[in-house]
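Here is a briefing on one protein chain. Please read it with the sequence and the coordinates open.

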Amino acid sequence: MIRFILKRIAGNELEQDAELAKLRYAPSTSLTPRAPALDEESAHVGTTSPTPSSRGGSTWEHREFYAAVKLRQRRDPAEESEERERQIALKEAQERSERMWKPITELLTSSNSNNHRHIRAFSASPSSQHDFKNIAPSLDQRIQDVRDAQLKEVENFLGRLEISEATARKRRADAERLQRKELWDSIDRTIQMEEAAARKVAEERAAIRRAEEDRIQKIQEEQQRKEREALEAKKRADDAEAERKAQIVEAEKRRKEEEKQKADKAAMEEKQRQERAAAEEEAGKTNGLAPKSGRQELQRYWQELQVLKTEIMPMVRPKKGNSSMVNPEWKKVWSTTRRSFTPKIGQVTNSMSEINRIASLIHASLAPTPSHPEKLYIALISSMAKAFLLQAETEVTAKPSTAFPLARLILKLVELGHSTLPGIFMCRLLGRSGGWALGTTIPRHEGQSDDDYRKTIGYLSDENSSQYTDRVVGMITLYFAILQTPIQLPSSTSSFTQPQPSTSLSASIPPIFQFHRTWTWFARVASNTLLLGNRAAAQLIYAVVEVAGDKALAVYGKQMVKWRRTLGRRCMDEGPLGESVGGKDGKAARTRLGLLLQKWEKDGAIGGEGRDVAA
């Protein structure tokens, strides 16, 4: 009975070891679900199923999946090697089981043979038969002890075997779980690869479709473009024919209109000349002066400028290679005072209190106690006028509204008794801008070189026309801001005791700072063909109109309206009449001026900031 139990147990363990060995070395495809045979599916698809183009992409996906599964099931050299290793492991498990059960079998065999031998010995000996009854109990006890020991050993072995079986079951479960995980991971990877391939194919097909659509669209657009161009060409030809016929019809009409315009223009210019002469005569009577032409005024201020350069300034600033006229004491005072002008002028704002404060500081520098000598005082006034012009070239050019506080500061100094400032200011202005301030041109002397003439009309070294025009616009803006600002002449009881300059310069405040100079300038520029055709003319007229146009319209009324209308028509004309303002190179500035004149006529005023001053 014990032998039977042990054999059953040994057989079960042997089967378990063999099964464990099979699971351990089985290929990962052993648990793979059985898919339909690829050959059968392919045959079925080839005979009864529609083509991929009729069924869509699903048939191709099934075929690719079946092909992947069949490839997975096909044995390869690696699997055959694993099969050989599995057989070897099974054989080793059988040998290990035999070695384990050999001692138990020998024990059982030896125990049974000994028992039978003792029984036969006792049966054969007569004496033993006599003693058998005495020996039998001890023999039975010994057999019982052996059986108990064997049973106990079997129980221990069964306990170990049960533990081994639990461990083997756990290993089998782990192996099965790992195999299932590997199987589904492999399936997921295969599906992902197939999906990626399908997406790539779909993207390539979509790209091909889009390229074809783009090609068709480009062909259609090209056809439409050609049709439009043909229509436009036909329309242009029709328009050209119509225009040619219209030109033939209107040629006589235009000729008559031009003749009429010339007659009207001549009559208007004659009327303007008479009005201008009357205005200048009235202005001269008002100021106790005889009216002068632009050339006469230019000659007067040009002579005063030469007096400044040759007789006054050499006493405080030596000429190149000649310092014989320099007065060292005057030069020291002039240098110190001159350097103080620029920061004071640069600090001025559109506040009357600030303007009065800065004017008082400058006045203290110009009229100390004791007072400066006459020529030193004129040199200081000249340097101050130049400082104002330099400020206008930079600040006013960038922001025209800053011209108004500078104009108020200049007029405040005139009110404080510096009556020579207007004439000297005009001299320095003519020296830096040419004849623009007087509305006239500076004639070129016979034999005068280009560089000398450029220097005469105010060009700086290495300066182009655009830079020159920008500078002149800033200075002219400041000058007309002075003209449109009210002025109060100093009273006879003024405390200003500075000696006045000689009669070679201005001995009193001239009309050069009075507003009637605005109309004089407008009239001279409009009637001077050479000056009006200069490329800088449109920009300068724009600046003057923007600064003083509103006041000129209020003072001169209809005369200013006529001037504005006449100049506006010229600016907006596209032919030779338009080129008379600013020349061929001044089209942009001329158009800008024409738009300003139209807006002025439409709105009735120009406006602009800077005219109002704070307390």
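Ala523 is buried, because its relative accessible area of 4% falls under the 20% cut-off. The residue is found in helix H15, which spans residues 516-527. Its C-alpha atom is 8.3 Å from that of Gly439, although 84 residues separate the two along the chain. The model is a predicted one.

**Overall make-up**

- The chain has 20 helices and zero strands.
- Of its 615 residues, 35% count as buried.
- Take the contacts in the chain with a separation of 6 or more: 78% of them join residues 24 or more positions apart.

**Nonpolar core**

- In soluble globular proteins, nonpolar side chains tend to be buried together.
- The largest nonpolar core here has 100 residues.
- Which residues have the most contacts inside that core? They are Phe388 and Phe425.
- Beyond its neighbours within four places in sequence, Phe388 is in contact with Ile345, Leu406, Leu409, Ile410, Leu413, Phe425 and Leu478.
- Phe425 therefore appears twice: with Phe388 it has the most contacts inside the core, and it is on the contact list of Phe388.

**Aromatic pairs and clusters**

- The structure holds eight aromatic pairs.
- Tyr459 and Tyr468 form a stacked pair, with 4.0 Å from centre to centre and 10° between the planes.
- Both residues of that pair, Tyr459 and Tyr468, are buried.
- Tyr479 and Phe480 form an edge-to-face pair, because their planes stand at 75°, over the 60 degrees required. Their ring centres are 5.3 Å apart.
- Tyr479 is buried, and Phe480 is buried too.
- One aromatic cluster is formed by Tyr479, Phe480, Trp521, Phe522 and Trp563.

**Charges over rings**

- Arg338 lies over the face of Trp334, 4.6 Å from the ring centre.
- Arg592 lies over the face of Tyr542, and here the distance to the ring centre is 3.8 Å.

**Helix packing: H8 and H9**

- Helix H8 covers residues 328-346, and helix H9 covers residues 352-366.
- Their axes come within 11 Å and cross at roughly 175°.
- H8 is therefore roughly antiparallel to H9, as the angle is over 145 degrees.
- On the H8 side, the contact is made by Thr337, Ser340, Phe341, Lys344 and Ile345.
- On the H9 side, the contact is made by Ile358, Leu361, Ile362, Ser365 and Leu366.
- Ile345 of H8 takes part in this contact, and Ile345 is also in contact with Phe388.

**Backbone exceptions**

- Most residues other than glycine have a negative phi, and most peptide bonds are trans.
- Thr369 and Pro370 are joined by a cis peptide bond, with omega about -5°.
- Pro370 lies in the loop between H9 and helix H10 (374-398).
- Asp462 is not a glycine, yet its phi is positive, at about 60°.
- Where does Asp462 lie? It is in the loop between helix H13 (450-456) and helix H14 (465-483).
- Is Asp462 buried or exposed? It counts as exposed, because its relative accessibility of 79% is over 50%.

**Ile512 and its surroundings**

- Ile512 has its place in the loop between H14 and H15.
- Its relative accessible area is 1%, so Ile512 is buried.
- Ile512 and Ile482 are 30 residues apart along the chain, and their C-alpha atoms are separated by 10.0 Å.
- Leaving aside neighbours within four places in sequence, Ile512 is in contact with Tyr301, Pro422, Met426, Leu438, Tyr479, Leu483 and Arg517.
- Tyr479, one of those contacts, is also a member of the aromatic cluster.

**Lys399**

- Lys399 is in the loop between H10 and helix H11 (403-415).
- Lys399 counts as partly exposed, because 44% relative accessibility falls between the 20% and 50% cut-offs.
- Lys399 and Gly474 are 75 residues apart in sequence and 8.8 Å apart in space, C-alpha to C-alpha.

**Arg590**

- Arg590 lies in helix H20, residues 587-603.
- Arg590 is buried, because its relative accessible area of 6% is under 20%.
- The C-alpha atoms of Arg590 and Asp573 are separated by 9.7 Å, with their positions 17 residues apart along the chain.

Note on methods: Residues numbered from 1 in each chain as written. Predicted model: local features only at pLDDT ≥ 70, side-chain atom pairs only at ≥ 80, totals over all residues. Heavy atoms only, no water. Core = buried A, V, L, I, M, F, W, Y, C linked by side-chain atoms within 4.5 Å. Buried < 20%, exposed > 50% of the residue type's maximum accessible area, 1.4 Å probe, protein only. Contact = heavy atoms within 4.5 Å. Phe/Tyr/Trp six-rings, centres within 6.5 Å; stacked < 30°, edge-to-face > 60°. Lys NZ or Arg CZ within 6 Å of the ring centre and 35° of its normal. Axes fitted to C-alpha atoms, helices over the stretch in contact; angles between N-to-C directions. Helix = DSSP H or I, 4+ residues; strand = E, 2+ residues; numbered from the N terminus. Parallel < 35°, antiparallel > 145°, perpendicular 65-115°, else oblique.
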